[in-house]
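Below are some notes for a colleague who is going through this model with the coordinates open. They are set out as numbered points, to be read alongside the structure.

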Amino acid sequence: PPLPALVAGKDVEVVNDADGDGQISPGDTILYTVVIQNISLFPILDVMISDTVPLHTEYVGDSTRFDNGTTVTPIPDDDGVTPFPLDESGVNLGTLPAKGSFSITFQVTIDNFPPVGVDTIVNQAVINTVDEELKPEVETLLNFEPAIELIKTAGTAADGEVYYIQQTPSLVTYHYVITNIGDTYLSDIIIT
C-alpha cells in the first residue's frame, strides 16, 4: 500500500550584497530556504525541523519564517539558549497535508574575515517524522575580493600629527598608511 513519503531540499541566495559584486562573499547576508514536500496520498503528522547556524556566520535575529502553504509566520525562539529557533531541540511544524509543502527561511550574515583556508560555508537541516529522516544540505563557495588602499604623505611626525613641509631644502619623511579594504587576508605586502 502507499506509505507517507517526504522529499526535502535546501537553497541559498544573497539578500544583502555588502560589496555589490553579485556573488556570495564575506560580509554578505544570505537567506537559506528549506522546502519539505509530502509526495504521498496521506498527511504526515509531526514534521520536525532542526538546523544550526553555520560556522563563520551570525544569525540575523527574528528572521526565521514558516510558510505552511497558505500563510507565512515568524518562528520565535521562545525557550532556547541561542536566538536561533531551529537549533537545540528544533521545531514541530505540525501536520503536512497530502501533496502539500512547507518552507522555512532564515538569514545569516557571513563573517567579514573567515579564518584563513575557509572558502566554503556548509549548512544542513534535519527533517524528522515518525518514519524517516532527511538531511538537505547546501554548500556555498565564497567569493573573495582582495583590495588594498595606500595613503602616502610627506612631512614630519610629532605626537601623532603630520606637518607638511613647504618647498624647502629640508629632510622629507614619507608616511604610509596601508589598509586592507577587501574581504580576504593579505600577506607578503611589499612596498617599493
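1. Thr179 belongs to strand β15, and in this predicted model the residue is partly exposed, because its relative accessible area of 31% falls between the limits of 20% for buried and 50% for exposed. Its C-alpha atom is separated by 27 Å from that of Val15, a residue 164 positions away along the chain.

2. Strand β15, which spans residues 173-180, also contributes to a nonpolar patch, and both this strand and β13 (148-158) supply at least two of the patch residues. The largest share, 3 residues, comes from β15. The patch covers about 790 Å² of the surface and is built from Ile148, Leu150, Val172, Tyr174, Tyr176, Ile178, Leu186, Ile189 and Ile191.

3. Two members of that patch may be looked at individually. Ile148 is located in strand β13, and its relative accessible area of 45% makes the residue partly exposed. Tyr174, for its part, has the charged end of Lys152 over its ring, at 4.5 Å from the ring centre.

4. Which residues have the most contacts inside the largest nonpolar core? They are Tyr32, Ile36, Ile49, Leu93 and Ile127, in a core that has 29 residues. Strands β1 (6-16), β2 (29-38) and β8 each provide at least two residues of this core, and the largest share, 5 residues, is that of β8. As general background, nonpolar side chains in soluble globular proteins tend to be buried together.

5. Tyr32 deserves a second look, since the residue is listed among those with the most contacts inside the core and also forms one aromatic cluster with Tyr59, Phe84 and Phe106. In addition, the charged end of Lys10 sits over the ring of Tyr32, 5.1 Å from the centre of that ring.

6. The structure holds 4 aromatic pairs in total. One of them joins Phe66 and Phe102 in an edge-to-face arrangement, with 5.0 Å from centre to centre and 80° between the planes. Phe66 lies in strand β5 (residues 65-67) and Phe102 in strand β8 (residues 101-110), so this pair ties together parts of the chain that are 36 residues apart in sequence. Both Phe66 and Phe102 are buried.

Notes:
Residues numbered from 1 in each chain as written. Predicted model: local features only at pLDDT ≥ 70, side-chain atom pairs only at ≥ 80, totals over all residues. Heavy atoms only, no water. Phe/Tyr/Trp six-rings, centres within 6.5 Å; stacked < 30°, edge-to-face > 60°. Helix = DSSP H or I, 4+ residues; strand = E, 2+ residues; numbered from the N terminus. Buried < 20%, exposed > 50% of the residue type's maximum accessible area, 1.4 Å probe, protein only. Lys NZ or Arg CZ within 6 Å of the ring centre and 35° of its normal. Patch = residues over 30% accessible without salt bridge, like charges linked within 9 Å, V, L, I, M, F, W, Y side chains within 5 Å. Areas by Shrake-Rupley, 256 points an atom, 1.4 Å probe, with all protein chains shown as cover. Salt bridge = Lys/Arg side-chain N within 4 Å of Asp/Glu carboxyl O. Core = buried A, V, L, I, M, F, W, Y, C linked by side-chain atoms within 4.5 Å.
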